[in-house]
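Reader: I would love a friendly walk through this fold. Could you take my questions one by one?

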Amino acid sequence: MLELVVPSPSFRESWLESRDEWGKGVPQSNSGLTVDTVDSVEGFRVWTERLRAEADHGVPSPTGRVHATNLWVVEDGAYAGAIQVRHYLNDALQKTAAHIGYGIRPSARGRGIATWALREALPIARELGLDRVLVTCDSANVASRRVIERNGGALEDERPTSRRSERRYSILLGGR
């Protein structure tokens, strides 16, 4: 069974297994991991606390970042990926990021989990007051393009960035 959950130290073991699938030190898409201090139990706990706090508008966001709801995709009690819903985009993020980003661990790919997770995240964006979200993917990532398109993504444009060629999609959320 799939579910979206708030980041929790209880998923440390399966999260570390996922990290090892990606490769230690390899960035995991939209995991919110900025410093690799999660090997210790305490470091992992602090990190999951920070991820949960990013949604709290009473806590200032670090420079260059915005408030975001971080959720983990859990399958049968084990970490399978992450999805992040940014509450708004600042000028820099409007050019380099999106409202929603996701990453699925390599062993869980190809089974519709990302499509499910994005579909489940859209009502969260709507509850935040967004009527449209921007979702992007690498132009070469056909699987991610399909995920976005299956969730109603309409291609806005394709543009080069400093890292890649990127496809930018809008998903209309409708009324609240």
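Reader: What percentage of the 176 residues is buried?
Author: This is a predicted model, where local features need pLDDT of at least 70 and side-chain atom pairs count only at pLDDT 80 or more, while totals for chains, interfaces and linings use all residues. Residues are numbered from 1 along each chain as its sequence is written, and side-chain values use heavy atoms, with hydrogens and water left out. Buried means under 20% relative accessible area, with a 1.4 Å probe and protein chains only. By that cut-off, the buried part of the protein is 45%.

Reader: Which element supplies the largest share of the largest nonpolar core?
Author: A nonpolar core is a set of buried Ala, Val, Leu, Ile, Met, Phe, Trp, Tyr and Cys residues joined through side-chain atoms within 4.5 Å. The largest one has 27 residues, and Ile100 and Leu118 are among those with the most contacts inside it. Strands such as β2 (68-75) and β7 (165-172) each supply at least two of its residues; helices (H or I, at least four residues) and strands (E, at least two) are DSSP runs, numbered from the N terminus. The largest share, nine residues, comes from α4.

Reader: Which residues from 133 to 135 does isoleucine 100 touch?
Author: Contact means heavy atoms within 4.5 Å. Leaving aside neighbours within four places in sequence, the partners of isoleucine 100 include Leu118 and Leu122. Also in contact with isoleucine 100 are Val133, Leu134 and Val135.

Reader: How many residues are in the second, separate core?
Author: This core includes Leu16, Val38, Leu51 and Tyr79. Its size is 12 residues.

Note on methods: Buried < 20%, exposed > 50% of the residue type's maximum accessible area, 1.4 Å probe, protein only.
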